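Visitor: I have a structure open and a few minutes to spare. Can you walk me through it?
Guide: Sure, let's take a look together.

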There are 2 protein chains.
Amino acid sequence: MNVSRIRKQWDFIKAIDALKSVQRKTYLIDGSRFENSAEHSWAVSTLAFLLGEYASDEVDINKVIVMLLIHDIVEIDAGDTLLYDDVLTESKKAREEQAAKRLFSILPEDQTIQLRSVWEEFESEETAESVFAAGIDRLIPLIHNISTNGRAWRELGIHYDQIMAKNTKIAKANPILWEVIKTDIDELFAPDFTTL
Amino acid sequence: MNVSRIRKQWDFIKAIDALKSVQRKTYLIDGSRFENSAEHSWAVSTLAFLLGEYASDEVDINKVIVMLLIHDIVEIDAGDTLLYDDVLTESKKAREEQAAKRLFSILPEDQTIQLRSVWEEFESEETAESVFAAGIDRLIPLIHNISTNGRAWRELGIHYDQIMAKNTKIAKANPILWEVIKTDIDELFAPDFTTL
């Protein structure tokens, strides 16, 4: 065990503290303010643990949890990209790539490689774990939006069709979870299913 | 799969969103504000993952991570109890017990039992996982305090001896981690090792 290794690990935990200052466009359940990406990372990891039973048999839920703990770290440099902002989404990949390079390299080399690989797997959405993680990551802001009577959607002018188009990943994680949340969204947007 | 089960799980995730409004007496690394308990839960879970290699062989690090994700949920009702506040610490157990009863019972019954048991194990500090989790939970505010030049300790009038007395749990998790952080604390409190 060497001290310089420990120092690098602590330097990383200090660097990623900045995730607590990255604001998302999702209100807290009590509506008092927007949440930040660190709080979101806690909530979504906890939700994945709670909903593990809805994942397919091949999913290693512990891997999903670690994936969700680190999935937004790149936002420290790249910022939070609103799902519905197609212009920002275009440059998202390049911005996050740069961020991943800088941030993960603070760690000892073996952990740089390890975390980078977990993050890339999350981004790829090609494995059972990343499909489930991506679905839960989409689900949680919907729960917040419904609980706050669609406030963020109202303020951002988000259309029903946009929500439908951008959240099909939830159905890929688990069709019943999607069915239940879709019922709530439909109720909120009835009767004309356009904007709030 | 039944919908009422899913609803209970979502009700729980909505209820514990209030952890984002529980303020701790630890400054963010950039000193801009105090952190909240939800952000802390994210950071400490992530740190446990990063430092897993320092745990003894019998430790299931995935269990440690889940433990740390949920360890502070009781603070939603019970508030954050400052480690160095001996008066509040006396009533902590009773307050947190009430909180655990209310909050975990929002979940489906099997998960009420499961989360309650994970929380009780964390509190007991009798298993390899809870000893490691408790140590990392103590370590992270020390990293913050040292990075902010002891600002919270200064403002709260915390003595060197108090820090030494209350943080020996880190040595139980791993003696080298304690040795390294103690070097930093000693440097900060030199030359007289009293208050800052």
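**The interface and the spaces**

Guide: Chain B and chain A bury about 4,800 Å² between them. Carbon and sulfur atoms give 71% of that area. Bear in mind that this is a predicted model.

Visitor: Why quote an area at all?
Guide: The accessible area lost when the parts come together is often used to give the size of an interface.

Visitor: Which three residues of chain B supply more of the area it buries against chain A than any other three?
Guide: W10(B), K20(B) and W42(B). They supply 17% of the area that chain B buries against chain A.

Visitor: How many residues of chain B are in contact with chain A?
Guide: 55 residues of chain B are in contact with 55 residues of chain A.

Visitor: What superposes chain B on chain A?
Guide: A rotation of 180°, with 0.0 Å of shift along its axis. The RMSD is 0.0 Å. That is the relation of a two-fold axis. The same surface serves both copies, as 100% of the contact residues of chain B recur in chain A.

Visitor: Now charges. How many salt bridges are there across the interface of chain B and chain A?
Guide: The rule finds 6 across that interface. Over all chains, the structure holds 34 salt bridges.

Visitor: Show me some pairs.
Guide: Try D184(B) and R7(A). Their side chains meet in a salt bridge at 2.7 Å, N to O. The pair crosses between chains: D184(B) is in helix α11 (residues 175-189) of chain B, and R7(A) is in helix α1 (residues 3-15) of chain A. Then look at K20(A) and E35(B), whose side chains also form a salt bridge, at 2.7 Å, N to O.

Visitor: Switching to pockets. How much space lies in the largest pocket?
Guide: About 880 Å³. It has 37 lining residues, and the closest to its centre are T81(A), L83(A), K92(A), D137(A) and R138(A).

Visitor: Which elements of chain A supply at least two residues each to that lining?
Guide: β1 (23-27), α5 (86-104), α6 (109-124), α7 and α8 (151-156) of chain A.

Visitor: How does the lining of the largest pocket split by class?
Guide: 11 nonpolar, 8 polar and 18 charged residues.

Visitor: And the second largest pocket, how much space is in there?
Guide: About 750 Å³. It is lined by 31 residues, and T81(B), L83(B), K92(B), D137(B) and R138(B) lie nearest its centre. The elements that give two or more residues to this lining are β1 (23-27), α5 (86-104), α6 (109-124), α7 and α8 (151-156) of chain B.

Visitor: Which one gives the most to the lining of the second largest pocket?
Guide: α7(B), with 6 residues. By class, the lining has 11 nonpolar, 7 polar and 13 charged residues.

Visitor: What about closed spaces? How many cavities of 30 Å³ or more are there?
Guide: The count comes to 2. The largest cavity has a volume of about 40 Å³.

Visitor: What lines the largest cavity?
Guide: E125(B), V131(B), A134(B), K169(B) and K172(B). That makes 2 nonpolar, no polar and 3 charged. α7 (128-147) and α10 (169-173) of chain B each supply at least two of the lining residues.

Visitor: And the second largest cavity, what lines that?
Guide: E125(A), V131(A), A134(A), G135(A), K169(A) and K172(A). α7 (128-147) and α10 (169-173) of chain A each give two or more residues to the lining. α7(A) gives the most, with 3 residues. The space in the second largest cavity is about 30 Å³. Its lining divides into 2 nonpolar, 1 polar and 3 charged residues.

Visitor: Back to E125(A). What is its phi?
Guide: Near 50°, a positive value in a residue other than glycine. E125(A) sits in the loop between α6 and α7 of chain A.

Visitor: What is the usual picture for backbones?
Guide: Most residues other than glycine have a negative phi, and most peptide bonds are trans.

Visitor: Where in chain A is there a cis peptide bond?
Guide: From A190(A) to P191(A), with omega near 10°. P191(A) is in the segment after α11 (175-189) of chain A. In chain B, a cis peptide bond joins A190(B) and P191(B), with omega about 10°. P191(B) lies in the segment after α11 of chain B.

Methods. Residues numbered from 1 in each chain as written. Chains lettered and ligands numbered in written order. Predicted model: local features only at pLDDT ≥ 70, side-chain atom pairs only at ≥ 80, totals over all residues. Heavy atoms only, no water. 1 Å grid on protein atoms, 1.4 Å probe; cavity = no way out; pocket = protein on both sides within 12 Å on 5 of 7 lines; lining within 4 Å. Points joined across faces, edges and corners; volume = space filled by probe spheres on them. Helix = DSSP H or I, 4+ residues; strand = E, 2+ residues; numbered from the N terminus. Nonpolar A, V, L, I, M, F, W, Y, C, P; charged D, E, K, R; others polar. Least-squares fit on C-alpha atoms with pLDDT ≥ 70 in both. Contact = heavy atoms within 4.5 Å. Buried area = accessible area lost by both parts, 1.4 Å probe. Salt bridge = Lys/Arg side-chain N within 4 Å of Asp/Glu carboxyl O.
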